[in-house]
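Below are some notes on the model, set out as numbered points. Please read them with the structure open.

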Amino acid sequence: MYMFIYLLTRIQSLQNRGARLLLDAHRRTHISDMISQLGWMTAKERFDFHRACWVYKCLNSLTPSYLLETFTPVDAVHNYGTRAQVKNNLFIKCPKTKAGARTFAYSGAVAWNALGEEVRVASSLGAFRRLYQRK
């Protein structure tokens with residue numbers, strides 16, 4: 001986990017340098033203004049975006065077969081009419097360890113359930129990407 005945070009921090013600092021270089025900005029200029037001016041996502045946002053794209057691909061059979069069983073819709077677990085079932089949420093198995101919370105199956109399901117309904121029902125991967133970036 002710490003290595004992931006370290007690498008994400010390094011990538012973000014490189015992105016910040018690139019933004020300052022492109023905009024010819026002073027070193028003390030606030031970076032969030034420059035990132036939004038360029039229309040870029042931060043490194044963390046980009047990571048979350050790619051994770052959501054992979055979940056979309058898994059749910060729409062656009063990935064290899066071994067990834068198709070990664071996620072289970074809530075309505076496949078039980079037949080109760082819950083709000084999660086109506087919103088087409090994914091079933092989240094509670095991890096028993098911190099390592100389990102870092103898996104794609106858990107973090108992807110959490111990220112997918114956090115998305116709005118209009119993003120989740122996109123008709124194609126391109127539409128999903130456009131809707132996700134507008135959210």
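1. A pocket, as the word is used here, is an open set of grid points with protein on both sides within 12 Å along at least five of seven lines. The volume of a pocket is the space filled by probe spheres set on its points. The model is predicted, and its largest pocket has a volume of about 260 Å³.

2. The lining of the largest pocket comes to 10 residues. Those nearest the centre of the pocket are Phe4, Phe47, Arg51, Arg102 and Ser107. By class, the lining has 5 nonpolar, 3 charged and 2 polar residues. Helix α3 gives the most to this lining, with 3 residues. At least two residues each come from α3 and from α7, which covers 104-114.

3. Helix α3 runs over residues 43-59 and has 17 residues. From its first C-alpha to its last, α3 reaches 25 Å, close to the 24 Å expected at 1.5 Å a residue. The buried residues of α3 are Ala43, Asp48, Phe49, Arg51, Ala52, Cys53, Val55, Tyr56, Lys57 and Cys58. Charged side chains are among them: Asp48, Arg51 and Lys57 are listed as buried, and Asp, Lys and Arg count as charged. Arg51 is thus named twice in this note, as a buried residue of α3 and as one of the residues nearest the centre of the largest pocket.

4. How many aromatic pairs does the model hold? The count comes to 7 aromatic pairs. One of them joins Phe4 and Phe47, with 4.9 Å centre to centre and 55° between the planes, a tilted arrangement. Phe4 is in helix α1 (residues 2-23) and Phe47 in helix α3, so this pair ties together parts that are 43 residues apart in sequence. Phe4 counts as partly exposed, at 32% relative accessibility. Phe47 is also partly exposed, with a relative accessible area of 36%. Both rings belong to residues that lie nearest the centre of the largest pocket.

5. Phe49 and Tyr132 form another tilted aromatic pair, 5.3 Å centre to centre and with 50° between the planes. Phe49 is part of helix α3, while Tyr132 is part of helix α9 (residues 125-134), so the contact ties together parts that are 83 residues apart in sequence. Phe49 counts as buried because its relative accessibility is 3%, against a cut-off of under 20%. Tyr132 is buried too, with a relative accessible area of 9%. The two residues belong to a cluster in which ring pairs link Phe49, Tyr56, Trp112, Phe128 and Tyr132. Within this cluster, Phe49 and Tyr56 are among the buried residues of α3.

6. In helix α2 (residues 31-38), the buried residues are Ile31, Met34 and Ile35. Viewed down the axis of α2, these buried residues fall within an arc of 100°, so they line one face of the helix. Turned away from that buried side is a face with the exposed residues Asp33, Ser36 and Gln37. Ser32, which also lies in α2, is partly exposed, with a relative accessible area of 37%. Between the C-alpha atoms of Ser32 and Leu125, 93 residues apart along the chain, the separation is 28 Å.

7. Three residues with positive phi deserve a look in the backbone. Gly39 follows α2 and has a positive phi, near 75°. Asp24 has a phi near 50°, positive in a residue other than glycine. Asp24 is placed in the loop between α1 and α2 and counts as exposed, at 71% relative accessibility. Ser61, which follows α3, is likewise a residue other than glycine with a positive phi, here near 55°. The loop that holds Ser61 is the one between α3 and α4 (65-68), and at 53% relative accessibility Ser61 counts as exposed.

8. A last point concerns Ala101, found in helix α6 (residues 98-101). Ala101 counts as partly exposed, at 30% relative accessibility. Ala101 and Arg51 are 50 residues apart in sequence and, C-alpha to C-alpha, 14 Å apart in space.

Terms used:
Residues are numbered from 1 along each chain as its sequence is written. This is a predicted model: local features need pLDDT of at least 70, side-chain atom pairs count only at pLDDT 80 or more; totals for chains, interfaces and linings use all residues. Side-chain values use heavy atoms; hydrogens and water are left out. Buried means under 20% relative accessible area, exposed over 50%, partly exposed in between (1.4 Å probe, protein chains only). Helices (H or I, at least four residues) and strands (E, at least two) are DSSP runs, numbered from the N terminus. The arc is that of the directions from the helix axis to the C-beta atoms. The expected span of a helix is 1.5 Å times one less than its number of residues. On a 1 Å grid over the protein atoms alone, a cavity is a set of points where a 1.4 Å probe fits but cannot get out, and a pocket is an open set with protein on both sides within 12 Å along at least five of seven lines; lining residues have an atom within 4 Å of a point. Rings of Phe, Tyr and Trp (its six-membered ring) pair if their centres lie within 6.5 Å; planes under 30 degrees apart count as stacked, over 60 as edge-to-face and the rest as tilted.
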